[in-house]
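Got your viewer open? Get ready to click from one selection to the next, and keep the sequence panel handy.

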Amino acid sequence: MGILEACHSSLYGGHYGGARTAVKVLTCGFYCPTLYKDASELLNHCDECQRAGRISKKNSMPPTTILEIDIFDVSGINFMGSFVSSCGSTYILVAMDYVSKWVEAMALPNNEAQSVVAFLKKNIFTRFGTPRAIISDGGSHFCN
C-alpha cells in the first residue's frame with residue numbers, strides 16, 4: 001500500500017486513476033496479484049480525488065477548428081494626428097500586421113484617401129503582397 005500511495009499521491013504521482021497508478025507501480029518494478037483492485041480501492045479513499053471528481057463531457061467545450069493565418073494576411077491601418085506641423089506633415093499613417101506585429105508608418109501632410117492609396121501601393125502591396133483583410137476604423141479616408 002505504501003508503494004501505491006507513493007505512486008498515486010506523491011509530488012510526482014499526479015493523482016491519476018486506478019489503472020494508471022497500477023501501471024506506474026509496474027514500471028517501478030513492483031508487482032502484487034491484486035494490484036489493480038488495490039489501486040482502484042486507494043483511489044476511492046483518496047480525499048483529493050474524491051473532492052475533485054471526474055471531468056464530465058457535459059461541461060466540456062466542443063472542438064473547434066483553428067483558423068490559420070499567414071504572415072501579412074491581416075493588417076490594421078489607422079491615422080494618428082493631427083500634430084503640430086513638422087516638415088509639412090501633420091498626420092502619421094500607421095499600418096500593422098496582426099500576426100508578426102510588423103509596423104509601417106509614414107508622415108503625411110493630410111489624411112485623405114489619395115494619400116492612403118499611395119501609401120498602401122508603395123509600402124504594403126509592393127513589399128508584402130495584397131493582404132486578405134485590412135481592418136480600419138471605417139473613416140472617410142479609408143472608405144474610398
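Here is a short tour, one selection at a time.

Before you click, know that this is a predicted model, where local features need pLDDT of at least 70, side-chain atom pairs count only at pLDDT 80 or more, and totals for chains, interfaces and linings use all residues. Residues are numbered from 1 along each chain as its sequence is written, and side-chain values use heavy atoms, with hydrogens and water left out.

**Stop 1: the strands**

Select residues 74-86, which make up strand 1. Helices (H or I, at least four residues) and strands (E, at least two) are DSSP runs, numbered from the N terminus. Two strands pair if DSSP finds at least two bridges between them.

Now add residues 89-97: this is strand 2, and it runs antiparallel to strand 1, with 8 bridges joining them. The two form a hairpin with 2 residues between them, and if you click on Cys87 in the turn you'll be on a residue with a positive phi of about 55°.

Next, add residues 133-135 for strand 4, which runs parallel to strand 1 and is joined to it by 3 bridges. Which residues stand opposite Ser75? Ile134 does in strand 4, and Asp97 does in strand 2.

Carry on to strand 3, which is residues 103-108. Strand 3 is antiparallel to strand 2, and 6 bridges hook them up. Look for Met96 standing opposite Val103. This hairpin has 5 residues between its strands, and Lys101 in the turn has a positive phi of about 65°.

**Stop 2: the rings**

How many aromatic pairs does a search of the whole structure find? There are 3. Show Phe79 and Tyr91: their ring centres are 6.0 Å apart and their planes sit at 80°, so this pair is edge-to-face. (Rings of Phe, Tyr and Trp, using the six-membered ring of Trp, pair if their centres lie within 6.5 Å; planes under 30 degrees apart count as stacked, over 60 as edge-to-face and the rest as tilted.) Phe79 is in strand 1 and Tyr91 in strand 2, 12 residues apart. Both are buried; that label means under 20% relative accessible area, while exposed means over 50% and partly exposed is in between (1.4 Å probe, protein chains only).

Then show Trp102 and Phe128, where the centres are 6.5 Å apart and the planes are at 70°, so this pair is edge-to-face too. Trp102 is in the loop between strand 2 and strand 3, and Phe128 is in helix 5 (residues 113-128), 26 residues along. Trp102 counts as partly exposed at 43% relative accessibility, and Phe128 does at 24%. Add Phe72 to see the cluster that ring pairs make with Trp102 and Phe128.

**Stop 3: two helices**

Jump to helix 2, residues 18-27, and pick Thr21. Is Thr21 buried or exposed? Thr21 is buried, with a relative accessible area of 2%. Leaving aside neighbours within four places in sequence, Thr21 is in contact (heavy atoms within 4.5 Å) with Leu4, Cys7, His8 and Tyr16.

In helix 2 you'll also find Leu26, which is partly exposed at 34% relative accessibility.

Last, go to Glu48 in helix 4 (residues 47-52). Glu48 is exposed, with a relative accessible area of 53%. Select His15 as well: the two are 33 residues apart in sequence and 8.0 Å apart in space, C-alpha to C-alpha.
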